[in-house]
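Open the model in your viewer and keep the sequence panel beside it. This tour goes stop by stop, with something to select at each one.

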Amino acid sequence: MNTQVSGADGDLVVIYAGIPLLYAADLVMNSDGWNDEGRAAFLRWVTEVFENSAAAIKDRVNNWGDWGTLGVVASRGLVDDTAGVLREADRIRERIASEIAANGELPEENKRTNNGMWYTFFAMTSMTTAVQIILNTTGDDLYGYTAPNGRSIRLALDKEFYYAVHPEEWPYPLPEGLAGELWRILYPCDDTIQMPYPNGWPGTLFEVMSDVYGVTEWEDWVSPYRPQPGYHAWID
């Protein structure tokens, strides 16, 4: 069992790599096949390593904050800490209001220019997964929440889907010349637009969200590619 995290992206990687472990643990938590010693050791790792990494990044304004929030939601849910999960639900309400623009875009993710569509997916897949865990564990449904400023998860999903089917209209190209070189240093990104696919990203996200919101266009986009392989927080 690892006891510490290192590297510039270490805390983020621990969350998106560790989330499937928490899913698995939840499935077998009460199984006779998992002895008390093993269960206790895993829960120590969750609270002492995994959740510490989540807490370290959950206040970040970009996708790191979304993944950190998911990490805390998942870990608190695993140990049946309903109050802790509900505190993170309030954090997500705040993030919906501050992270999503009036047109549904995620400005912090668009700073990655050509990679902005992918980073928007990366943020939304973690936010929606946290919302699902909150719903499962507390009954608090944030899928239909609209912030006082009009922002909502559905608004952001609609915008991401539009660009997924019209990637040629993506309005944030990489700056040219020296400005582009400097931008690569500040916000590492590819020279070409990262292209979305219904059988990759953000297909997995819209596979699930089409069921949540009942949007026919989303389902029609992904249905020819079922079963979806799963990607990041939404996995098989």
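Select Thr120 and show what surrounds it. Leaving out residues up to four places away in sequence, Thr120 touches Leu106, Glu109, Asn110 and Glu160. The model is predicted, so treat each stop as part of a prediction. Thr120 sits in helix α6. Is Thr120 buried or exposed? Its relative accessible area is 5%, so it counts as buried.

**Next stop: Glu99**

Now select Glu99, in helix α4. Two of the residues touched by Thr120 are Leu106 and Glu109, and Glu99 touches Leu106 and Glu109 as well. Not counting residues up to four places away in sequence, the other contacts of Glu99 are Val61, Asn62, Asp66, Glu105, Pro107, Ala123 and Met127. Glu99 is a buried residue, because its relative accessible area is 6%, and the cut-off for buried is under 20%. Add Glu88 to the selection. Glu88 and Glu99 are 11 residues apart along the chain, and their C-alpha atoms are separated by 15 Å.

**The pair of helices**

Colour residues 82-99, helix α4, and residues 116-138, helix α6. What is the angle at which α4 and α6 pack? It is about 145°, and the axes are 10 Å apart. The crossing of α4 and α6 is left-handed. Show side chains on both helices to see the contact. From α4, select Thr82, Val85, Leu86, Ala89, Ile92, Arg95, Ile96 and Glu99. From α6, select Ala123, Met127, Ala130, Val131, Ile134, Thr137 and Thr138. The residues of this contact divide into 10 nonpolar, 3 polar and 2 charged. Glu99 from the previous stop is on the α4 side of the contact.

**Two unusual phi angles**

Most residues other than glycine have a negative phi. Go to Asp80, in the loop between α3 (63-78) and α4. Phi of Asp80 is near 60°, a positive value in a residue other than glycine. Asp80 counts as exposed, because its relative accessibility is 66%, and the cut-off for exposed is over 50%.

Then select Thr113, in the loop between α5 (107-110) and α6. Phi of Thr113 is also positive, near 45°, and Thr113 is not a glycine. Is Thr113 buried or exposed? Its relative accessibility is 4%, so Thr113 counts as buried.

**Into helix α2**

Jump to Phe42 in helix α2, residues 36-57. Phe42 is buried, because its relative accessible area is 15%. Which residues does Phe42 contact, leaving aside neighbours within four places in sequence? They are Leu21, Leu22, Ala25, Trp34 and Leu78. Draw a distance from Phe42 to Leu21. Their C-alpha atoms are separated by 9.5 Å, with the two positions 21 residues apart along the chain.

**Two cis peptide bonds**

Most peptide bonds are trans. Select Trp201 and Pro202 and look at the bond that joins them. This bond is cis, with omega near -5°. Pro202 is in the loop between α8 (177-186) and α9 (203-213).

Move on to Arg226 and Pro227, which are also joined by a cis peptide bond. Here omega is about 0°. Pro227 lies in the segment after α10.

**Gln228**

Step on to Gln228, in the segment after α10 (216-222). Gln228 counts as buried, because its relative accessibility is 8%. Add Pro198 to the selection. The backbone oxygen of Pro198 lies 2.8 Å from a polar atom of the Gln228 side chain.

**Zoom out**

Clear the selections and show the whole chain as a cartoon. How many helices and strands does the protein chain have? There are 10 helices and 0 strands. From the N terminus on, the elements run α-α-α-α-α-α-α-α-α-α. Along the principal axes, the C-alpha atoms fill a box of roughly 55 × 40 × 35 Å. The radius of gyration is 18 Å, which agrees with a compact globule of 236 residues, because such a globule would have a value near 18 Å.

Colour the chain by accessibility. Of the 236 residues, 49% count as buried. Finish with the contacts between residues at least 6 apart in sequence. Among these, 72% join residues at least 24 apart.

Conventions
Residues numbered from 1 in each chain as written. Predicted model: local features only at pLDDT ≥ 70, side-chain atom pairs only at ≥ 80, totals over all residues. Heavy atoms only, no water. Axes fitted to C-alpha atoms, helices over the stretch in contact; angles between N-to-C directions. Helix = DSSP H or I, 4+ residues; strand = E, 2+ residues; numbered from the N terminus. Left-handed = near helix turned anticlockwise from the far one by under 90°. Contact = heavy atoms within 4.5 Å. Nonpolar A, V, L, I, M, F, W, Y, C, P; charged D, E, K, R; others polar. Buried < 20%, exposed > 50% of the residue type's maximum accessible area, 1.4 Å probe, protein only. Polar contact = N/O pair within 3.5 Å; in protein donor to acceptor, adjacent residues only side chain to side chain. Rg over C-alpha atoms; globule rule 2.2 N^0.38 Å.
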